[in-house]
Amino acid sequence: MKITILGMTGRVGSQIAALALQDKNQVTGLVRSPEKITVADDNLTVIKGNVLDKENIEQAVSGADAVISALNTDGDDTLSKSMPLIIEAMEEAGVNRLVSIGTAGILESRIDADRLRYQSSESKRRLTRAAEEHHKVFDLLEASGLDWTIVCPTYLPDGKAVGEYREERNFLPENGKQISVGDTAHFAYSQLGSDVYVKSRVGLAY
(Lines give C-alpha, C1' and ligand atoms only; values in the text may rest on other atoms or scores of the structure.)
Protein backbone atom coordinates (compact mmCIF):
# COMPACT_ATOMS: atom_id res chain seq x y z
CA MET A 1 0.00 0.00 0.00
CA LYS A 2 1.17 3.54 -0.72
CA ILE A 3 0.51 5.73 2.32
CA THR A 4 1.04 9.48 2.65
CA ILE A 5 1.55 10.71 6.21
CA LEU A 6 1.14 14.37 7.17
CA GLY A 7 2.59 15.26 10.55
CA MET A 8 5.09 12.44 10.40
CA THR A 9 7.56 14.07 12.80
CA GLY A 10 4.97 14.29 15.60
CA ARG A 11 4.43 11.80 18.41
CA VAL A 12 1.58 9.89 16.76
CA GLY A 13 2.67 10.37 13.16
CA SER A 14 6.15 8.97 13.75
CA GLN A 15 4.73 5.81 15.32
CA ILE A 16 2.21 5.36 12.50
CA ALA A 17 5.09 5.65 10.03
CA ALA A 18 7.05 3.00 11.94
CA LEU A 19 4.11 0.58 11.77
CA ALA A 20 3.56 1.21 8.07
CA LEU A 21 7.23 0.69 7.22
CA GLN A 22 7.39 -2.41 9.38
CA ASP A 23 4.69 -3.88 7.14
CA LYS A 24 6.70 -2.96 4.01
CA ASN A 25 4.29 -0.29 2.82
CA GLN A 26 5.54 2.57 0.68
CA VAL A 27 5.40 5.67 2.87
CA THR A 28 5.64 9.30 1.80
CA GLY A 29 6.02 11.96 4.48
CA LEU A 30 5.51 15.68 3.87
CA VAL A 31 7.53 17.49 6.53
CA ARG A 32 8.86 20.97 7.17
CA SER A 33 12.07 19.70 8.77
CA PRO A 34 13.42 16.53 7.11
CA GLU A 35 16.32 16.48 9.56
CA LYS A 36 13.84 15.40 12.23
CA ILE A 37 13.30 12.10 10.39
CA THR A 38 15.72 9.67 12.02
CA VAL A 39 14.61 6.47 10.28
CA ALA A 40 16.18 5.31 7.03
CA ASP A 41 14.16 2.91 4.91
CA ASP A 42 14.08 2.10 1.21
CA ASN A 43 10.28 2.35 1.32
CA LEU A 44 10.30 5.87 2.81
CA THR A 45 10.17 9.02 0.70
CA VAL A 46 10.50 12.33 2.52
CA ILE A 47 9.29 15.52 0.84
CA LYS A 48 10.30 18.85 2.33
CA GLY A 49 7.31 21.15 2.25
CA ASN A 50 4.39 22.70 4.05
CA VAL A 51 0.76 21.60 4.40
CA LEU A 52 -0.28 25.18 3.65
CA ASP A 53 1.17 24.84 0.15
CA LYS A 54 -1.24 22.97 -2.11
CA GLU A 55 1.48 22.05 -4.61
CA ASN A 56 3.44 20.36 -1.82
CA ILE A 57 0.34 18.40 -0.81
CA GLU A 58 -0.37 17.43 -4.41
CA GLN A 59 3.16 16.06 -4.72
CA ALA A 60 2.81 14.11 -1.47
CA VAL A 61 -0.57 12.50 -2.22
CA SER A 62 0.09 11.69 -5.89
CA GLY A 63 -0.28 7.95 -6.39
CA ALA A 64 -1.27 7.29 -2.77
CA ASP A 65 -3.83 4.69 -1.74
CA ALA A 66 -4.56 6.50 1.54
CA VAL A 67 -3.58 9.55 3.55
CA ILE A 68 -3.08 9.81 7.31
CA SER A 69 -3.14 13.27 8.87
CA ALA A 70 -1.45 13.36 12.26
CA LEU A 71 -1.11 17.14 12.21
CA ASN A 72 -1.48 18.90 15.53
CA THR A 73 -2.81 22.35 16.30
CA ASP A 74 0.67 23.82 16.94
CA GLY A 75 -0.80 26.85 18.68
CA ASP A 76 -2.14 28.31 15.45
CA ASP A 77 -4.72 27.65 12.73
CA THR A 78 -2.53 25.52 10.44
CA LEU A 79 -4.76 22.50 11.04
CA SER A 80 -7.99 24.09 9.84
CA LYS A 81 -6.32 26.08 7.05
CA SER A 82 -4.55 23.04 5.64
CA MET A 83 -7.53 20.68 5.58
CA PRO A 84 -9.37 22.33 2.65
CA LEU A 85 -6.13 22.06 0.65
CA ILE A 86 -5.69 18.41 1.66
CA ILE A 87 -9.28 17.55 0.71
CA GLU A 88 -9.02 19.32 -2.64
CA ALA A 89 -5.67 17.72 -3.48
CA MET A 90 -6.96 14.26 -2.55
CA GLU A 91 -10.15 14.64 -4.56
CA GLU A 92 -8.23 15.86 -7.62
CA ALA A 93 -5.81 12.93 -7.30
CA GLY A 94 -8.61 10.40 -6.85
CA VAL A 95 -7.43 9.43 -3.35
CA ASN A 96 -10.49 8.73 -1.18
CA ARG A 97 -9.31 7.30 2.15
CA LEU A 98 -8.25 9.70 4.91
CA VAL A 99 -7.60 8.85 8.54
CA SER A 100 -7.14 11.94 10.71
CA ILE A 101 -6.06 12.26 14.34
CA GLY A 102 -8.49 14.46 16.26
CA THR A 103 -9.32 14.95 19.91
CA ALA A 104 -11.93 13.57 22.30
CA GLY A 105 -13.26 17.11 22.62
CA ILE A 106 -15.11 16.82 19.29
CA LEU A 107 -16.97 13.65 20.27
CA GLU A 108 -20.63 13.81 21.28
CA SER A 109 -21.34 14.79 24.87
CA ARG A 110 -23.10 12.24 27.07
CA ILE A 111 -24.25 15.01 29.41
CA ASP A 112 -25.46 17.83 27.17
CA ALA A 113 -27.51 16.72 24.17
CA ASP A 114 -26.68 18.39 20.86
CA ARG A 115 -23.28 19.53 22.11
CA LEU A 116 -19.79 18.24 21.60
CA ARG A 117 -17.70 17.34 24.65
CA TYR A 118 -15.57 20.47 24.52
CA GLN A 119 -18.73 22.61 24.45
CA SER A 120 -20.24 20.87 27.47
CA SER A 121 -19.61 20.36 31.17
CA GLU A 122 -18.27 16.90 30.33
CA SER A 123 -14.91 18.42 29.36
CA LYS A 124 -12.60 19.59 32.13
CA ARG A 125 -10.40 21.64 29.84
CA ARG A 126 -10.64 25.40 30.27
CA LEU A 127 -9.01 26.22 26.95
CA THR A 128 -10.98 25.18 23.87
CA ARG A 129 -8.89 26.62 21.02
CA ALA A 130 -7.40 23.25 19.99
CA ALA A 131 -10.81 21.56 20.07
CA GLU A 132 -12.27 24.39 18.00
CA GLU A 133 -9.58 23.77 15.37
CA HIS A 134 -10.42 20.05 15.30
CA HIS A 135 -14.14 20.92 15.11
CA LYS A 136 -13.50 22.94 11.95
CA VAL A 137 -11.70 19.93 10.46
CA PHE A 138 -14.63 17.68 11.38
CA ASP A 139 -17.06 20.03 9.62
CA LEU A 140 -14.84 20.18 6.53
CA LEU A 141 -14.55 16.40 6.31
CA GLU A 142 -18.30 15.91 6.81
CA ALA A 143 -18.92 18.20 3.85
CA SER A 144 -16.36 16.42 1.66
CA GLY A 145 -16.76 13.35 -0.49
CA LEU A 146 -13.84 11.55 1.12
CA ASP A 147 -13.99 8.27 3.03
CA TRP A 148 -12.73 9.79 6.27
CA THR A 149 -12.30 8.59 9.83
CA ILE A 150 -11.35 10.87 12.72
CA VAL A 151 -9.55 9.05 15.53
CA CYS A 152 -10.32 10.87 18.79
CA PRO A 153 -8.04 9.92 21.69
CA THR A 154 -8.55 11.28 25.18
CA TYR A 155 -5.54 12.31 27.34
CA LEU A 156 -2.53 11.15 25.34
CA PRO A 157 0.60 10.27 27.36
CA ASP A 158 3.66 8.75 25.72
CA GLY A 159 3.71 4.97 25.76
CA LYS A 160 3.98 1.89 23.60
CA ALA A 161 1.07 0.04 22.07
CA VAL A 162 -0.41 -2.78 24.13
CA GLY A 163 -3.26 -3.40 21.69
CA GLU A 164 -5.93 -3.50 24.38
CA TYR A 165 -8.18 -0.46 24.46
CA ARG A 166 -11.81 0.53 24.03
CA GLU A 167 -13.31 2.25 21.01
CA GLU A 168 -16.73 3.76 20.41
CA ARG A 169 -18.32 5.48 17.44
CA ASN A 170 -18.87 9.22 18.01
CA PHE A 171 -18.50 8.95 21.82
CA LEU A 172 -15.65 8.55 24.30
CA PRO A 173 -15.87 5.14 25.99
CA GLU A 174 -17.42 5.61 29.42
CA ASN A 175 -14.98 6.61 32.15
CA GLY A 176 -12.16 6.72 29.62
CA LYS A 177 -9.23 8.63 31.10
CA GLN A 178 -6.30 8.11 28.75
CA ILE A 179 -4.84 6.22 25.80
CA SER A 180 -1.15 5.95 24.92
CA VAL A 181 0.44 7.47 21.84
CA GLY A 182 1.39 3.95 20.77
CA ASP A 183 -2.14 2.58 20.93
CA THR A 184 -3.54 5.65 19.19
CA ALA A 185 -1.08 5.07 16.35
CA HIS A 186 -1.92 1.35 16.34
CA PHE A 187 -5.65 2.02 15.98
CA ALA A 188 -5.25 4.77 13.37
CA TYR A 189 -3.01 2.59 11.23
CA SER A 190 -5.42 -0.34 11.51
CA GLN A 191 -8.20 1.78 10.00
CA LEU A 192 -6.50 1.78 6.62
CA GLY A 193 -7.66 -1.80 6.18
CA SER A 194 -11.14 -1.29 7.62
CA ASP A 195 -14.34 0.46 6.56
CA VAL A 196 -16.11 0.05 9.93
CA TYR A 197 -15.69 3.69 10.91
CA VAL A 198 -15.80 5.38 7.50
CA LYS A 199 -17.38 8.84 7.83
CA SER A 200 -17.30 8.59 11.64
CA ARG A 201 -15.42 9.86 14.65
CA VAL A 202 -14.07 7.18 16.98
CA GLY A 203 -13.42 7.71 20.68
CA LEU A 204 -10.41 5.85 22.12
CA ALA A 205 -9.57 5.14 25.75
CA TYR A 206 -8.43 2.37 28.10
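What volume does the largest pocket have? The largest pocket has a volume of about 1,000 Å³. The structure is a predicted model, and the legends below take it in close-up views.

**View 1. The largest pocket and its lining.** In this pocket, with its volume of about 1,000 Å³, the lining is made up of 37 residues. Closest to the pocket centre are T103, R125, P153, T154 and Y155. Two elements give two or more residues each to the lining: α1, residues 11-22, and α4, residues 129-142. Of these, α4 gives the most, with 4 residues. By class, the lining divides into 15 nonpolar, 13 polar and 9 charged residues.

**View 2. Y155, close to the centre of the largest pocket.** Y155 is one of the residues closest to the centre of the largest pocket. Y155 sits in the loop between β6 (147-153) and β7 (166-169). Is Y155 buried, exposed or partly exposed? Y155 counts as partly exposed, because its relative accessibility is 47% and that class lies between the 20% and 50% limits. Leaving out residues up to four places away in sequence, Y155 touches K177, Q178 and I179. L204 is 49 residues from Y155 along the chain. The C-alpha atoms of Y155 and L204 are separated by 9.6 Å.

**View 3. T184, a buried residue in helix α5.** Helix α5 spans residues 181-190 and holds T184. T184 has a relative accessible area of 0%, so it is buried. Which residues does T184 contact, its neighbours within four places in sequence left aside? They are V12, I101, V151, P153, L156, I179 and L204. Several of these names return in other views. P153 is among the residues closest to the centre of the largest pocket. I179 is also touched by Y155. I101 and V151 are bridge partners, V151 lying in β6.

**View 4. Strand β4 between its two partners.** Strand β4 runs over residues 66-69. Both of its faces are covered. A66 and I68 lie on one side, V67 and S69 on the other, and all are buried. Strand β1, residues 2-6, is joined to β4 by 4 bridges, and the two run parallel. T4 has V67 of β4 as its bridge partner. Strand β5, residues 97-101, is also joined to β4 by 4 bridges, again in parallel. Here V67 has L98 of β5 as its bridge partner. From β4 the chain crosses through helix α3, residues 78-93, to β5. This β-α-β crossover is right-handed.

**View 5. Strand β5 and its pairing with β6.** How many residues of β5 are buried? The strand is mostly covered, with 5 of its 5 residues buried. Its two faces are both covered. R97, V99 and I101 are on one side, and L98 and S100 are on the other. β5 pairs with β6 in the parallel sense, over 5 bridges. Within that pairing, I101 has V151 of β6 as its bridge partner. The chain passes from β5 through α4 to β6 in a right-handed β-α-β crossover. The helix of this crossover, α4, is also the element that gives the most to the lining of the largest pocket.

**View 6. The second largest pocket.** About 350 Å³ of space lies in this pocket. Its lining has 18 residues. Nearest its centre are G7, T9, R32, L71 and D74. By class, the lining has 7 nonpolar, 8 polar and 3 charged residues.

**View 7. Two lysines with positive phi.** Most residues other than glycine have a negative phi. K24 is not a glycine, yet its phi is positive, at about 65°. K24 lies in the loop between α1 and β2 (26-31). Its relative accessible area is 64%, so K24 is exposed. K199, too, is a residue other than glycine with a positive phi, near 60°. Where does K199 lie? Its place is in the loop between α5 and β8 (200-205). K199 is partly exposed, because its relative accessible area is 43%.

Methods
Residues are numbered from 1 along each chain as its sequence is written. This is a predicted model: local features need pLDDT of at least 70, side-chain atom pairs count only at pLDDT 80 or more; totals for chains, interfaces and linings use all residues. Side-chain values use heavy atoms; hydrogens and water are left out. Buried means under 20% relative accessible area, exposed over 50%, partly exposed in between (1.4 Å probe, protein chains only). Contact means heavy atoms within 4.5 Å. On a 1 Å grid over the protein atoms alone, a cavity is a set of points where a 1.4 Å probe fits but cannot get out, and a pocket is an open set with protein on both sides within 12 Å along at least five of seven lines; lining residues have an atom within 4 Å of a point. Grid points are joined across faces, edges and corners, and a volume is the space filled by probe spheres set on the points. Ala, Val, Leu, Ile, Met, Phe, Trp, Tyr, Cys and Pro count as nonpolar, Asp, Glu, Lys and Arg as charged, and the others, Gly among them, as polar. Two strands pair if DSSP finds at least two bridges between them. A crossover is right-handed if, with the strands pointing away from the viewer, the path from the first strand over the helix to the second runs clockwise.
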